[in-house]
Amino acid sequence: MTTQSASELDFDRYDHIRPILWTGDTLELLDQRKLPFVVEHVACTGSDEVAQAIHDLTVRGAPAIGIAAAWGAVLGARDIAADDGAAALAKLEPALQRLGAARPTAVNLAWALARMRRALAAAGSDWREVLAREAQAIADEDLAANRHMGALGAALIDAGSGVLTHCNTGSLATAGFGTALGVIRAGMAQGRIARVFAGETRPWLQGARLTVWELQQDGIDATLIADSAASHLMKSGLVQWVIVGADRICANGDTANKIGTYQLAIAARYHGVKFMVVAPSSTVDMDTADGARIEIEQRDPGELFGVGGTRTVAEGIQAWNPVFDVTPGGLIDAIVTERGVVEHPDATSMRVLFG
Ligand code: MRU
């Protein structure tokens, strides 16, 4: 089968959803807490509203929260008077800190804010325009990276393959097209992928509420499984690749992603199923040597006590709710980024692409 380049793929056919809309005045976020039954946007007019929306998962997914934070910085700048970028940065810094503290694990958030700080520090009297241009560039580059990664990742997949994905890594989690779901979109468009399975992704149900809905909007058939059905599915021979996104990829290839990813990687290795991580270079954190140094976000244990607002657990029960885990680089067959593919990642192979 020939490899289609990113420019040859019919992107629009399989990609209709956009989670973040900048109107020039407000930031409209597709409210992911309410999907799939309510499709509603939340309008943010200030940086603290954006920080709250990131914390509450109104907007979620590593690249999407970076993009939202960048627009949050633009909104925060509205309250500031300054003659040049350096003076504006000093005044904006508290708002940037609050945006950066909204969620700890996805490095894209810190990366986007660092980029906004650099742009602002170098700007002159036109610093407001510079800031808005930088936020738009972060969004545009993410979409382009996703499309390119789609082509690179799909090229690794043999025709007729089945794939299993986890969480939501699609247009909803990015500027568009998605990371792991971008590879699945490209693989479907090229006829390489014959079957798509998505895990529910307890407790927040990103797979059940978001991924299968997003794929349905784009006419891609996907089969939902309980997270606990994954090993059984792999044993059946119906999937050849597990394809996931990432929230932070360390210098040695260790990868933080949605809780449950690590056990999928272990099961995949046991069953001879390949394991692919798809993420833009904004998710790569060469300053963090290995996964032991990543802060894992803990969320409200209450997320485990019910489904859809109905309590399913007896009162007085304790719960532990880490929402990310770390997959060792040694369990990953390929990390696909827009800069290229790192096969069998380790500190040496990561350095080749990311210095
Ligand atoms: O808690 P979430 O929903 O923000 O977690 C999202 C994930 O773990 C995704 O897999 C990751 O951010 C990659 S999204 C392209």
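In the predicted model, the side chain of Arg-209 reaches the backbone oxygen of Leu-35 at a distance of 2.6 Å. Arg-209 lies in helix H7, which covers residues 206-217. Leaving aside residues up to four places away in sequence, Arg-209 touches Gln-32, Arg-33, Lys-34, Leu-35, Pro-36 and Trp-204. Arg-209 is buried yet takes part in no salt bridge. The nearest side chain of opposite charge belongs to Asp-31, at 7.6 Å, whereas a salt bridge requires a nitrogen-oxygen distance within 4 Å.

Asp-31 itself is paired with another arginine: its side chain meets that of Arg-33 in a salt bridge, with an N to O distance of 2.8 Å. The two partners differ in exposure, since Asp-31 is buried at 0% relative accessibility and Arg-33 is partly exposed at 38%. Arg-33 is also one of the residues touched by Arg-209.

Leu-35, whose backbone oxygen is reached by Arg-209, is joined to Pro-36 by a cis peptide bond with omega of about 5°. Pro-36 is placed in the loop between S2 and strand S3 (41-44). A cis peptide bond also joins Arg-202 and Pro-203, again with omega of about 5°. Pro-203 is placed in the loop between strand S5 (193-199) and H7, the helix that contains Arg-209.

The loop between S5 and H7 also holds Thr-201. Thr-201 has a positive phi of about 70° although it is not a glycine, and it counts as buried at 0% relative accessibility. A positive phi is likewise found at Phe-177, where the value is about 75° and the residue is again not a glycine. Phe-177 is located in the loop between strand S4 (161-165) and helix H6 (180-189). With a relative accessible area of 2%, Phe-177 is buried.

At the level of the whole protein, the model contains ten helices and 16 strands. The radius of gyration is 20 Å, close to the 20 Å given by the globule rule for 355 residues, so the protein is as compact as a globular protein of that length. The C-alpha trace spans about 65 × 55 × 40 Å along its principal axes. Of the 355 residues, 56% are buried. Among contacts with a separation of 6 or more, 75% are between residues 24 or more positions apart.

A contact of this kind involves Glu-295, which is found in the loop between strand S11 (284-285) and strand S12 (306-307). Not counting residues up to four places away in sequence, Glu-295 touches Pro-104 and Thr-105. The C-alpha atoms of Glu-295 and Ala-106 are separated by 9.3 Å, although the two residues are 189 residues apart along the chain. Glu-295 counts as exposed, at 53% relative accessibility.

A search of the whole structure finds 16 salt bridges. In one of these, the side chains of Arg-78 and Asp-25 meet at 3.8 Å, N to O. This pair links distant parts of the chain, the two residues being 53 residues apart. Arg-78 is in the loop between helix H2 (62-76) and helix H3 (85-100), and Asp-25 is in the loop between strand S1 (20-22) and strand S2 (27-30). Both ends of the pair are partly exposed, with relative accessibilities of 37% for Arg-78 and 48% for Asp-25.

A salt bridge is also formed by Arg-311 and Glu-315, whose closest N and O atoms are 3.6 Å apart. Here Arg-311 is partly exposed at 37% relative accessibility, while Glu-315 is exposed with a relative accessible area of 64%. Elsewhere, Arg-103, Glu-297, Arg-299 and Glu-303 are joined into one network by salt bridges that share partners.

The count of disulfides comes to zero. The sulfur of Cys-167 has its closest cysteine sulfur in Cys-250, 18 Å away, and a disulfide would need the two sulfur atoms to be within 2.5 Å. The separation is therefore too far for a bond. Both cysteines are buried, Cys-167 with a relative accessible area of 7% and Cys-250 at 0% relative accessibility.

Methods: Residues are numbered from 1 along each chain as its sequence is written. This is a predicted model: local features need pLDDT of at least 70, side-chain atom pairs count only at pLDDT 80 or more; totals for chains, interfaces and linings use all residues. Side-chain values use heavy atoms; hydrogens and water are left out. Buried means under 20% relative accessible area, exposed over 50%, partly exposed in between (1.4 Å probe, protein chains only). Helices (H or I, at least four residues) and strands (E, at least two) are DSSP runs, numbered from the N terminus. Lys and Arg count as positive and Asp and Glu as negative; His and the chain ends are not counted. A polar contact is a pair of N or O atoms within 3.5 Å; within protein, one must be able to donate a hydrogen and the other to accept it, and residues adjacent in sequence count only if both atoms are side-chain atoms. Contact means heavy atoms within 4.5 Å. The radius of gyration is taken over C-alpha atoms; the globule rule is 2.2 Å times the number of residues to the power 0.38.
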